[in-house]
Amino acid sequence: GELIALNSKTLEVEKRIALGGAPVALDRWNSQIIVADVGGRLLWLSESGKLERTLKLEGKPDKLAVQGDFAYLSDRSGAVFQVNLKTGTLERTVQFTHPMDITALPDGHLALADGPGGVLMLDGDLKVLERIGGS
């Protein structure tokens, strides 16, 4: 359970931050680092690595995307969580088929790789706008 800071030119380890658990994904939000832990934690870290906030989620989220002031986490059991990063609260949980990955898109939407369901284009409230492929 560590976050490791690397030098961007040499890729040498500059700092190790013990987080415990099993961090699996991270992204930036404002001046913070947002970390998803497969044990169900969402962590807010300062740029220096100090833990500023923790939110416990149900399930085992393993993918993370940040879009505006929201974090979106996918869990292979089918859940996608929307967390308000300003308030630190879970806004909604939506069930899908088998989420494998989620990413924020430049137009403000999200793309969700949903296993046999194909790729889903979602709005910020996790409503399906379009389905591409799938069985």
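Here is a quick tour of two beta sheets in this model, which is predicted.

Let's start with the sheet that comes earlier in the strand numbering. Strands E3, E4, E5 and E6 line up in that order to make an open sheet, and the pairing is antiparallel. What stands at the edges of this sheet? Strand E3 (23-29) and strand E6 (51-56) do, and since each has a single partner strand, one side of each is left without a neighbour in the sheet. From one strand to the next, the twist averages 20°.

Inside that sheet, E4 and E5 run antiparallel to each other and pair over six bridges. To find this pairing in the viewer, look for isoleucine 33: its bridge partner in E5 is leucine 45.

Now for the other sheet. Four strands make up this open sheet too, in the order E7-E8-E9-E10, and the pairing is antiparallel. Strand E7 (63-67) and strand E10 (89-95) hold the edge positions; each has a single partner strand, so one side of each lacks a neighbour in the sheet. Neighbouring strands here are turned by 20° against each other on average, ignoring direction.

E10 pairs with E9 in the antiparallel sense. Which residue in E10 is the bridge partner of asparagine 84? That is threonine 89.

Here are the two strand pairs side by side:

| Strand pair | Sense | Bridges |
|---|---|---|
| E4 (residues 32-37) and E5 (residues 41-46) | antiparallel | six bridges |
| E9 (residues 79-84) and E10 | antiparallel | six bridges |

As background, the strands of a sheet pair through backbone hydrogen bonds, in either a parallel or an antiparallel way.

Note on methods. Residues are numbered from 1 along each chain as its sequence is written. This is a predicted model: local features need pLDDT of at least 70, side-chain atom pairs count only at pLDDT 80 or more; totals for chains, interfaces and linings use all residues. Side-chain values use heavy atoms; hydrogens and water are left out. Two strands pair if DSSP finds at least two bridges between them. Helices (H or I, at least four residues) and strands (E, at least two) are DSSP runs, numbered from the N terminus. Axes are lines fitted to C-alpha atoms, for helices over the stretch in contact, and angles run from 0 to 180 degrees between N-to-C directions.
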